[in-house]
Amino acid sequence: MPPGLSAAPLGEDRAGELAKVFKALGDPVRLRLRLLSLIASRQGGEVCVCELTPAFDVSQPTISHHLKRLRQAGLIDGERRGTWVYYRVLPEALEGLAAVPRPRAAGAEA
């Protein structure tokens with residue numbers, strides 16, 4: 001698991017990767033974060049786009065656009081099966097996110 005921000009300064013490449021991920025999650029209406037949460041919490045680890053669309057009050061092309069952005073950020077992957085695409089969260093992406101905001105505990109050695 002990558003170290004948190006307080007373990008060592010981020011290199012330029014890692015900072016660029018994280019900026020891309022946070023940009024993908026920073027949609028003003030939080031649609032992408034909700035999509036990520038719905039996919040991550042699904043029993044079996046994947047969900048059909050046909051199940052995601054009804055959960056939101058936006059059109060199917062809008063959902064597809066946001067899923068594409070999450071994919072470009074390396075947070076999810078998808079597999080086409082016939083007409084539908086099934087999405088799953090990439091665990092290593094979530095592990096990397098979980099490590100970021102970890103401050104050092106008071107009194108911890110440097």
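T53 touches Q60 and I63, leaving aside its neighbours within four places in sequence; contact means heavy atoms within 4.5 Å. The model is predicted: local features need pLDDT of at least 70, side-chain atom pairs count only at pLDDT 80 or more, and totals for chains, interfaces and linings use all residues. Residues are numbered from 1 along each chain as its sequence is written, and side-chain values use heavy atoms, with hydrogens and water left out.

T53 sits in the loop between α3 (49-52) and α4 (60-72). T53 counts as buried because its relative accessibility is 18%. Buried means under 20% relative accessible area, exposed over 50%, partly exposed in between (1.4 Å probe, protein chains only).

The protein has five helices and three strands. Helices (H or I, at least four residues) and strands (E, at least two) are DSSP runs, numbered from the N terminus. Their order from the N terminus is α-α-β-α-α-β-β-α.

Strand β3 pairs with both other strands listed here. Two strands pair if DSSP finds at least two bridges between them.

| Pair | Sense | Bridges | One bridge partner pair |
|---|---|---|---|
| β1 (residues 47-48) and β3 | antiparallel | two bridges | V47 and Y87 |
| β2 (residues 76-81) and β3 | antiparallel | six bridges | R81 and W84 |

β2 and β3 form a hairpin with two residues between them. In the turn, G82 has a positive phi of about 70°.

Side chains alternate along β3 (residues 84-89). V85, Y87 and V89 point to one face and are buried. W84, Y86 and R88 point to the other and are not buried.

Overall, buried residues make up 31% of the 110 residues.
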